[in-house]
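Hi,

Here is the structure I promised to pass on. Have a look at it first, and then read my notes below.

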Amino acid sequence: MEKISAFKNYIEMEEVLEKYKTTKLEDVKIWFKAAPINAFPKDGGACVKYKNLQIAVFNFKRLNRWYACQNLSPEKQEMVLSRGMIGDHNGISKVACPLHKKTFSLENGENLNGDLDPIAIYPVKIENDYVYIGFAE
Ligand code: FES
């Protein structure tokens with residue numbers, strides 16, 4: 001019985017993960033108006049909802065750069081990445097999952113200190129002091 005329930009959980013987690021797909025700038029069809037820039041902490045992250053997705057948005061104030069990625073950590077399937085520490089890995093902006101400190105590039109989603117699947121990342125633009133996140137659908 002336990003095995004069946006573990007398998008069911010695995011399938012459900014896979015279904016959740018599949019909703020998150022890296023979107024390239026050239027594939028953006030919808031610029032979702034997320035929130036004013038001052039709704040986001042400086043040099044930190046916050047979570048935004050778009051359809052049935054949770055997206056972590058990061059304001060690298062010191063670098064004057066913004067990033068967006070899935071809020072879901074691919075390891076334990078927890079919605080936590082927006083609460084992760086942000087920083088720099090050899091010039092690559094990154095976020096560390098607050099649970100087990102696995103780090104991910106915010107440039108291409110790659111897991112920088114392990115072999116986890118990459119996270120999905122999304123383009124961000126700022127217009128008239130508002131943060132927009134780009135989606136393909
Ligand atoms: S749950 Fe995110 S690194 Fe373990």
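Which strands form the open sheet of 4, and in what order? The order is E2-E3-E4-E8, with antiparallel pairing. Before I go on, bear in mind that this is a predicted model.

Strand E2 (44-50) and E8 sit at the edges of that sheet; each has a single partner strand, so one side of each is left without a neighbour in the sheet. Going across the sheet, E2 and E3 run antiparallel and are joined by 7 bridges. If you want a residue pair to look at there, Gly45 stands opposite Phe58 in E3. Next along, E3 and E4 are also antiparallel, with 6 bridges between them, and here Ala56 faces Cys69 in E4. These two strands make a hairpin with 4 residues between them, where Asn64 has a positive phi near 55 degrees. Finally, E4 pairs with E8 over 2 bridges, again in the antiparallel sense, and Ala68 has Tyr122 in E8 as its bridge partner.

E4 is worth a second look for its burial: 5 of its 6 residues are buried, so I'd call the strand mostly covered.

That leads on to the core. The largest nonpolar core has 25 residues, and those with the most contacts inside it are Val57, Ala68, Cys69, Val124 and Ile133. Strand E3 (53-60), strand E4 (65-70), strand E8 (121-122) and strand E10 (130-135) are the elements that give two or more residues to this core. To see how Val57 is surrounded, leave out residues up to four places away in sequence: Val57 then touches Ala34, Phe40, Gly45, Ala46, Val48, Trp66, Ala68, Val124, Val131 and Ile133.

There is another open sheet, formed by 3 strands in the order E1-E10-E9, with antiparallel pairing. Its edge strands are strand E1 (30-36) and strand E9 (124-127), and each pairs on one side only. From one strand to the next, the twist averages 30 degrees. E9 and E10 run antiparallel and are joined by 4 bridges; Lys125 stands opposite Tyr132 in E10.

Now for a residue in another strand. Is His89, in strand E5 (residues 85-89), buried, exposed or partly exposed? It has 16 C-beta neighbours inside 10 Å, and because buried needs 20 or more and exposed 12 or fewer, His89 counts as partly exposed. Beyond residues up to four places away in sequence, His89 touches Lys94, Thr103 and Leu112. The C-alpha atoms of His89 and Leu112 are 8.3 Å apart, with the two residues 23 apart in sequence.

As for the overall picture, the protein has 1 helix and 10 strands, and the helix comes before the strands when you read from the N terminus. Its C-alpha trace spans about 55 × 30 × 25 Å along the principal axes. The radius of gyration is 15 Å, which agrees with the value near 14 Å for a compact globule of 137 residues. Buried residues make up 28% of the 137. Of the contacts with a separation of 6 or more, 49% are between residues 24 or more positions apart.

Over to you!

Technical notes
Residues are numbered from 1 along each chain as its sequence is written. This is a predicted model: local features need pLDDT of at least 70, side-chain atom pairs count only at pLDDT 80 or more; totals for chains, interfaces and linings use all residues. A nonpolar core is a set of buried Ala, Val, Leu, Ile, Met, Phe, Trp, Tyr and Cys residues joined through C-beta atoms within 7 Å. Two residues are in contact if their C-beta atoms, placed from the backbone, lie within 7 Å. Two strands pair if DSSP finds at least two bridges between them. The radius of gyration is taken over C-alpha atoms; the globule rule is 2.2 Å times the number of residues to the power 0.38. Axes are lines fitted to C-alpha atoms, for helices over the stretch in contact, and angles run from 0 to 180 degrees between N-to-C directions.
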